[in-house]
Amino acid sequence: MFPYTNDPLHNTSVKLIECRNLETAYVKSLHRPILNGIDCQINPGEFVVLLGLNGAGKSTFLKSLVGLVPLVKGEIIVDGIKITPHTQSQVRRHIGMLFQGGGLIRQLTAVENVLCGRLGARNSGQTLFGFPKRDRLLALELLEQLGLKDQAYQKTGQLSGGQQQRVAIARALIQSPQILLADEPITGLDVVASQQVMQTLADLNTQHGLTIITVLHDLGIAAEYAHRAIILDAGRISYDGNCDNLQTQFSQALSLETSPTSTK
Ligand SMILES: Nc1ncnc2c1ncn2[C@@H]1O[C@H](COP(=O)(O)OP(=O)(O)OP(=O)(O)O)[C@@H](O)[C@H]1O
């Protein structure tokens with residue numbers, strides 16, 4: 001069983017994430033703030049895709065949800081807790097992050113990389129004595145559930161891109177988050193590995209109720225796996241709705257003349 005206990009049948013009238021009028025500082029080169037008045041609410045158990053052209057502000061928005069982006073206006077409330085410098089670490093315990101490139105240590109094995117996800121929960125003295133057996137068992141269990149039992153003791157530098165991305169997912173999950181933020185989790189992967197990673201995310205969402213917010217560039221994949229799309233344009237939300245006719249929605253939201261299949 002996965003370690004978290006998020007209930008997919010949780011009362012969806014309770015907002016898991018509330019973003020109110022988010023605005024970052026004015027950037028001279030852009031002639032605007034990177035985030036420019038973002039308002040949205042995410043319910044428990046949603047699978048949301050963030051879309052938009054390069055530079056629209058998707059990564060910045062994702063990072064803002066863990067307090068990594070200074071705001072000049074607005075507020076973010078996660079599971080009832082407003083993000084402030086004081087509450088940041090408390091809020092981060094609810095959130096697993098999967099950022100571009102995976103950030104794995106190539107010389108370490110898959111299981112050691114997954115255990116790195118526990119470092120934040122341990123003080124330096126505890127770390128000196130290594131990880132407790134229960135953490136190792138949990139890391140192995142996660143790898144097994146993500147189809148990587150045989151790769152657990154291989155160095156991650158020797159794994160395929162898709163396998164590495166699943167190790168990164170396991171590392172994000174070892175903290176039992178309620179929410180997983182994933183920034184372009186399938187960039188650079190082939191069709192099969194992309195489908196495997198997306199299916200892993202979909203299973204975590206449907207079977208375990210994990211709330212997922214992911215940046216993607218492929219509109220077809222977005223429509224196949226996500227339930228809700230948020231399209232950003234120049235730091236603002238230009239569409240927030242279901243994934244029906246996503247290519248048309250995307251073109252209309254950005255006033256494009258043709259319907260793209262990929263936003264890169
Ligand atoms: N710290 C910063 N200072 C100034 N400008 C920044 C900073 N971080 C990002 N930007 C700019 O803000 C804009 C939005 O960046 P962001 O990475 O959020 O876009 P994105 O939608 O994720 O783009 P992509 O699809 O290319 O990854 C870009 O033009 C970027 O160059």
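**Exercise 1. The nonpolar core**

Find which residues touch the most other members of the largest nonpolar core, and then follow one of them outward.

*Solution.* Start with the core itself: it has 69 residues, and L50, V114 and L181 are the ones that touch the most other members. Bear in mind as you work that this is a predicted model. Next, ask which element gives the largest share of this core: that is helix α6 (residues 161-173), with 6 residues. Now take L50 and leave aside residues up to four places away in sequence; L50 then touches K58, F61, L62, I213, T214, V215, I230 and L232. As background, nonpolar side chains tend to be buried together in soluble globular proteins.

**Exercise 2. A buried strand**

Work out which way the residues of strand β8 point, and how β8 pairs with β9.

*Solution.* Walk along β8 (residues 95-98): I95 and M97 point one way, while G96 and L98 point the other way. Then check burial on both faces; all of these residues are buried. Turn to the pairing next: β8 and strand β9 (residues 179-183) run in the parallel sense, joined over 4 bridges. To locate the register, look for the partner of I95, which is I179 in β9.

**Exercise 3. The open sheet**

Put the strands of the open sheet in order and decide which of them stand at the edges.

*Solution.* The sheet has 4 strands in the order β4-β1-β6-β7, and the pairing is antiparallel. β4 (36-42) and β7 (81-82) each have a single partner strand, so one side of each is left without a neighbour in the sheet, and these two are the edges. For a closer look at one pair, take strand β1 (residues 17-23) and β4, which pair over 5 bridges in the antiparallel sense. Among the residues involved, L22 has I38 in β4 as its bridge partner.

**Exercise 4. The ligand shell**

List the residues around the ligand and sort them by class.

*Solution.* Collect the surroundings first: V27, L30, I34, G52, N54, G55, A56, G57, K58, S59 and T60. Sorting them by class gives 4 nonpolar, 6 polar and 1 charged residues. Finally, ask which element provides the largest share of the shell; helix α1 (residues 58-64) does, with 3 residues.

**Exercise 5. One side of a helix**

Identify the buried residues of helix α9 and say what they pack against.

*Solution.* In α9 (residues 246-253), the buried residues are L246, Q249, F250 and A253. Their arc around the axis is only 100°, which means that they lie on the same side of α9. From there, the packing partners are β5 (47-51), α8 (219-225), β11 (228-233) and β12 (236-242). After the helix comes S255, with a positive phi near 50°.

**Exercise 6. Loops and exposure**

Place H31, N245 and L68 in their loops, and classify each as exposed or partly exposed.

*Solution.* Take H31 first: H31 sits in the loop between β2 (26-27) and β3 (32-33). H31 counts as exposed because it has 8 C-beta neighbours inside 10 Å, and its phi is positive, near 60°, in a residue other than glycine. N245 comes next, in the loop between β12 and α9. N245 is not a glycine, yet its phi is positive at about 45°. With 12 other C-beta atoms within 10 Å, N245 is exposed, since 12 or fewer is the cut-off. L68, in the loop between α1 and β6 (73-78), is partly exposed, with 14 other C-beta atoms within 10 Å.

Terms used
Residues numbered from 1 in each chain as written. Predicted model: local features only at pLDDT ≥ 70, side-chain atom pairs only at ≥ 80, totals over all residues. Buried ≥ 20, exposed ≤ 12 C-beta atoms within 10 Å, placed from the backbone. Pairing = 2+ DSSP bridges. Near = placed C-beta within 6 Å. Nonpolar A, V, L, I, M, F, W, Y, C, P; charged D, E, K, R; others polar. Arc of directions from axis to C-beta. Contact = placed C-beta atoms within 7 Å. Core = buried A, V, L, I, M, F, W, Y, C linked by C-beta atoms within 7 Å.
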